[in-house]
Amino acid sequence: MRFGGHVSINGGLERAIERGIEITADCIQIFVAAPQRWLKANHSDESVAKFIAARQESGIGPVLLHGPYLINLGTTDEELRKKSIDSLVSQLTWADRLNAMGVVFHVGSSGSGGHEAGMSFAVDALNEVLARSPGNAPLLLETTAGGTNSIGGRFEHLGELIRRAGETSRLQVCLDTCHVFAAGYPICSRDELDRTIEEFDRAVGLGRLTALHLNDSRDPFGSHRDRHANVGEGEIGLEGFGTVVNHPALRDIPGFLEVPGFEDKGPDAENLRRLRALVE
Ligand SMILES: [Zn+2]
Ligand SMILES: [Zn+2]
């Protein structure tokens with residue numbers, strides 16, 4: 001498995017590659033724009049060129065973009081849906097520009113409209129985003145911890161969205177270990193993980209699983225909370241991660257850390273060392 005983590009682009013896109021090297025990442029995930037705001041990414045051609053050159057030199061890859069947290073494709077609020085669609089179109093443009101593997105994001109929640117309406121809004125939104133994005137970069141729907149009205153806490157939600165949006169190869173899935181564990185999918189022993197992977201395969205298709213978020217969980221199994229912990233410091237634990245990183249269905253998929261880090265600076269070399277030490 002290629003192991004990496006989420007790194008900051010503060011100071012310029014190319015700084016993300018330097019930070020990746022510092023923490024010994026094989027692959028990195030970045031926000032191209034502030035994740036808590038609707039601001040569109042804005043980087044000069046020079047910055048993009050530096051990023052691409054630094055990346056080539058470092059051998060770091062793949063690069064994954066994470067979309068803003070504000071995105072909600074399932075909401076009844078038309079204005080919010082429109083902003084979400086525009087934002088994803090912009091993110092996909094950046095993914096192509098930076099030669100990233102795609103854009104991962106949280107689909108959102110259905111709110112007062114109910115689950116069926118939320119799913120229909122989300123299907124229409126996905127179709128519109130892809131129709132307006134002529135490039136090749138895919139969207140990666142992220143598994144969520146499955147809070148109230150959340151879309152993506154069950155694998156079947158994601159499978160249904162992908163089927164109804166025409167099963168294009170540009171719709172893929174990112175599985176977050178913290179989120180699926182909190183959503184109530186057991187992953188810690190080989191038997192449990194086998195069953196969860198089988199369930200994923202039936203609902204979505206394993207071929208669509210193209211990225212992993214490797215986060216431990218501060219909260220217990222089935223808690224529907226999505227607070228991340230450092231590898232081995234949460235409820236999944238080192239044994240659970242040993243199961244995940246050695247599973248034959250997962251070990252060729254890039255794994256990205258989104259953890260607090262041991263110095264509260266985000267994913268770090270120690271978290272990566274712990275993961276690598278588990279590989280058999
Ligand atoms: Zn995420
Ligand atoms: Zn995640």
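Select Ala34 to begin: this residue is exposed, because only 11 C-beta neighbours fall inside 10 Å and 12 or fewer is the limit for that class. The model is a predicted one. Ala34 sits in the loop that links strand 2 (27-30) to helix 2 (45-58). Now add Tyr69, which is 35 residues away from Ala34 along the chain. The C-alpha atoms of Ala34 and Tyr69 are 9.4 Å apart.

**The barrel**

Show the strands next. Eight of them form a closed barrel in the order 1-2-3-4-6-8-9-12, with parallel pairing. From one strand to the next the twist averages 30°.

Go round part of the barrel, starting at strand 3 (residues 63-66). Strand 3 is joined to strand 4 by 3 bridges in the parallel sense. To find the register, select Leu65 and look across to Val103 in strand 4, which stands opposite.

Move on to strand 4 (residues 102-105), which pairs with strand 6 in the parallel sense, again over 3 bridges. Here Phe105 has Leu141 of strand 6 as its bridge partner.

Stay on strand 6 (residues 139-142) and display its side chains. Which residues point which way? Leu139 and Leu141 point to one side of the strand, and Leu140 and Glu142 to the other. All of these residues are buried, Glu142 included.

From strand 6, step to strand 8 (residues 171-176); the two run parallel and are joined by 4 bridges. Two pairs of residues mark the register between them. Leu140 stands opposite Gln172, and Leu141 has Val173 as its bridge partner. Leu141 can thus be picked as a link on both sides, since Phe105 is its partner in strand 4 and Val173 its partner in strand 8.

Select the whole of strand 8. How many of its residues are buried? The count is 6 of 6. Leu171, Val173 and Leu175 lie on one side, while Gln172, Cys174 and Asp176 lie on the other, and both faces are covered.

The next neighbour is strand 9 (residues 209-213), which runs parallel to strand 8 and is joined to it by 4 bridges. Select Leu175 and Leu212 to see a bridge pair between these strands.

**The nonpolar core**

Return to Val103, seen earlier opposite Leu65. Val103 and Ala122 have the most contacts inside the largest nonpolar core, a set of 79 residues. Helix 4 (residues 115-131) is the element that gives the most to this core, with 7 residues. In soluble globular proteins, nonpolar side chains tend to be buried together.

Centre the view on Ala122. What does Ala122 touch, leaving aside residues up to four places away in sequence? Its contacts are Leu73, Gly74, Val107, Ile151 and Leu161.

**Helix 5**

Leu161, one of those contacts, is among the buried residues of helix 5 (residues 155-164). Select the others as well: Phe155, His157, Leu158, Gly159 and Ile162. The elements against which the buried residues of helix 5 pack are helix 4, strand 6, strand 7 (150-151), strand 8 and helix 7 (190-203). After helix 5 comes Gly166, with a positive phi near 95°.

**Two helix crossings**

Show helix 3 (residues 78-97) together with helix 4. Their axes come within 9 Å and cross at roughly 35°, and the crossing is right-handed. On the helix 3 side, select Arg81, Ser84, Ile85, Leu88 and Val89; they meet Phe121, Ala125, Glu128 and Val129 of helix 4. By class, the residues of this contact are 6 nonpolar, 1 polar and 2 charged.

For the last stop, show helix 8 (residues 237-246) and helix 9 (residues 269-278). The axes of these helices come within 8 Å and cross at roughly 65°. Helix 8 passes helix 9 with right-handed geometry. Select Leu238, Phe241, Gly242 and Val245 on helix 8, then Arg274, Leu275 and Leu278 on helix 9, to display the contact. The residues of this contact are 5 nonpolar, 1 polar and 1 charged.

Note on methods
Residues are numbered from 1 along each chain as its sequence is written. Chains are lettered from A and ligands numbered from 1 in the order in which they are written. This is a predicted model: local features need pLDDT of at least 70, side-chain atom pairs count only at pLDDT 80 or more; totals for chains, interfaces and linings use all residues. A residue is buried if 20 or more other C-beta atoms lie within 10 Å of its own, exposed if 12 or fewer, and partly exposed in between; C-beta atoms are placed from the backbone. Two strands pair if DSSP finds at least two bridges between them. Axes are lines fitted to C-alpha atoms, for helices over the stretch in contact, and angles run from 0 to 180 degrees between N-to-C directions. A nonpolar core is a set of buried Ala, Val, Leu, Ile, Met, Phe, Trp, Tyr and Cys residues joined through C-beta atoms within 7 Å. Two residues are in contact if their C-beta atoms, placed from the backbone, lie within 7 Å. A crossing is left-handed if the near helix is turned anticlockwise from the far one by less than a right angle, and right-handed if clockwise. Ala, Val, Leu, Ile, Met, Phe, Trp, Tyr, Cys and Pro count as nonpolar, Asp, Glu, Lys and Arg as charged, and the others, Gly among them, as polar.
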